[in-house]
Amino acid sequence: MFPDSIQLLSENGRKRHANLLIIIAGADGELVREEIAAIESAMGLMMIHPNVRTELRSQFADPIDLDLLLKEMDAAELRLALKNGAIVAAVDGEYDNNEILLLKKIAATAGVSDARLKQLLNWVRNMWKLEAKGRQIVGSPMQGDDSQ
Amino acid sequence: MLPDTLHQLPRTERFAYAKLLAVMARANDELTVEEMATFEQRLGTALLSPEQRNQIRAYLKSPPTLEECLTGLGHEAGRLAVRDSVMMAAADGNVDKKEKKLLKKIANYFDMQDDAIDRLLEWTAEGYAWMQSGVELLNELSK
C-alpha cells in the first residue's frame, strides 16, 4: 500500500487505529498471514515504537472491546480507520459478512452512510488493480492479478 | 496493506530485500520522515522478526555495500526491492539524480527493462494520486 496520513495521528490515536485494524482483521474469526502483514505494515507506516508494537501484537489473540474503543475515537479518527479497515478486511480476498457488519457499525458511529461505505469499498477494489500493475512491472505476479 | 508477493518469500530473501532497502534509504545521505515511514511500512509487510528489524535499522546508520546486498539476493526479492525503493524514494515528493542512478543500476543488475524505473515512477505517482483520492473521499465522508 502507498503511504498514508496515518503517521500524522497522535501517539494514542495511532494505537487506537492499530487496535481497530486488529479487531477488523479478526472479525471473520481468524487472522491469516496476509492480515497480519497488513497490520504490521500499518504499524510500520505509523512508526509505532517497537515496544508498543509488541503490546499490540498480544491483542491478535485477545482484541480489546470494540464498543469501548469506538467511544474513545473521534469522528476523524474513525473515518481514517474505516478507510484502512476496509483495506485490511479485503486482504484475504473477499469481504466476509462479519467484516461487512463491523465496517457498517464503524461507519454508523462515524456518521458515514451505507452508500458512502459502498463508495469506499469500490475505492479499495481500484487499489487492487493498482497494486497488480506494480507487480506486473517487476514481474512478480500473484494469483488473481490477471482478473484485475 | 493489500496482499503482496513479498511475505511469501523465504525469510532469508525478505531479510536481503530489506537490507537493500536500507542501502537505498541512504542513497542521498538524507532520510526524510516520509521515507522512514515507508521504510518501516515495508519492514512490516515483509513480516521480519523484531530482531531482524533491529538489524536492518542498524544498517541505516552503517549501510552495507551495494555489492554485499546484491550477492545472494534472488531476482524476485531484488525486483520487489527495486519497486519499493522507488516508492520509498518518492515518498518525500522528490527522487534525486543520485537515487535514480542507483535505482537504474540495481534494476539493470536484475535484468529489468530499460524503462522499468520510469514506469515504476509513473506507477508510484499514480499510487500517491490514488491515496489522495482516498483522503478526498474521507473529506466527502465528513460532510
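A residue is called buried if 20 or more other C-beta atoms lie within 10 Å of its own, exposed if 12 or fewer do, and partly exposed in between, with C-beta atoms placed from the backbone. That idea comes up in most of the views below.

This is a predicted model, in which local features need pLDDT of at least 70, side-chain atom pairs count only at pLDDT 80 or more, and totals for chains, interfaces and linings use all residues. Residues are numbered from 1 along each chain as its sequence is written, and chains are lettered from A and ligands numbered from 1 in the order in which they are written.

**View 1. Helix α2 of chain A is mostly covered.**
Helices here are DSSP runs (H or I, at least four residues), numbered from the N terminus, while strands are E runs of at least two. Of the 13 residues in α2(A), 10 are buried. Those are A:E35, A:A37, A:A38, A:I39, A:E40, A:S41, A:A42, A:M43, A:G44 and A:L45. What do they pack against? In chain A they meet α1 (11-25), α3 (50-57) and α5, and they also meet α2 of chain B. From first C-alpha to last, α2(A) reaches 18 Å, close to the 18 Å expected at 1.5 Å a residue; the expected span is 1.5 Å times one less than the number of residues. Following α2(A) comes A:M47, with a positive phi near 50 degrees.

**View 2. Here chain A touches chain B.**
Two residues count as in contact if their C-beta atoms, placed from the backbone, lie within 7 Å. On that basis, 45 residues of chain A and 39 residues of chain B take part. On the chain A side, α2 (33-45), α5 (75-90) and α7 (114-138) each supply at least two residues. Which helix gives the largest share? That's α7(A), with 14 residues. Sorted by class, the chain A side has 25 nonpolar, 10 polar and 10 charged residues. For this count, Ala, Val, Leu, Ile, Met, Phe, Trp, Tyr, Cys and Pro are nonpolar, Asp, Glu, Lys and Arg are charged, and the others, Gly among them, are polar.

**View 3. Two helices of chain B, α1 and α5, cross each other.**
Two packed helices are described by the angle between their axes and the distance between the axes. For α1 (residues 11-25) and α5 (residues 75-89) of chain B, the axes come within 9 Å and cross at roughly 35 degrees. Each axis is a line fitted to C-alpha atoms, for helices over the stretch in contact, and angles run from 0 to 180 degrees between N-to-C directions. The crossing of α1(B) and α5(B) is right-handed, meaning the near helix is turned clockwise from the far one by less than a right angle (anticlockwise would be left-handed). On α1(B), the contact uses B:E13, B:A16, B:Y17, B:L20, B:L21, B:M24 and B:A25. On α5(B), the partners include B:A77, B:L80, B:D84 and B:M88. The residues of this contact split into 11 nonpolar, 1 polar and 2 charged.

**View 4. B:M88 sits in helix α5 of chain B.**
Is B:M88 buried or exposed? It counts as buried because it has 28 C-beta neighbours inside 10 Å. Leaving out residues up to four places away in sequence, B:M88 touches B:L21, B:M24, B:A25, B:E35, B:T38 and B:F39. Its helix, α5(B), has 13 of 15 residues buried, so it is largely enclosed by the rest of the structure. The end C-alpha atoms of α5(B) are 21 Å apart, which agrees with the 21 Å its 15 residues should span.

**View 5. Two loop residues of chain B have positive phi without being glycine.**
B:L47 lies in the loop between α2 (33-45) and α3 (50-61) of chain B, with a phi of about 55 degrees. It has 18 other C-beta atoms within 10 Å, so it is partly exposed. B:D111 belongs to the loop between α6 (97-109) and α7 (116-142) of chain B, and its phi is near 55 degrees. With 11 other C-beta atoms within 10 Å, B:D111 is exposed.

**View 6. Confidence varies along chain A.**
pLDDT is the predictor's confidence in each residue, from 0 to 100. Chain A averages 90, with 95% of the residues scoring at least 70. In chain A, confidence is highest in helix α4 (residues 66-72), at 97, and lowest in α7(A), at a mean of 89. Chain B averages 90 too, with 96% of the residues at 70 or above. The model scores ipTM 0.87 and pTM 0.89.
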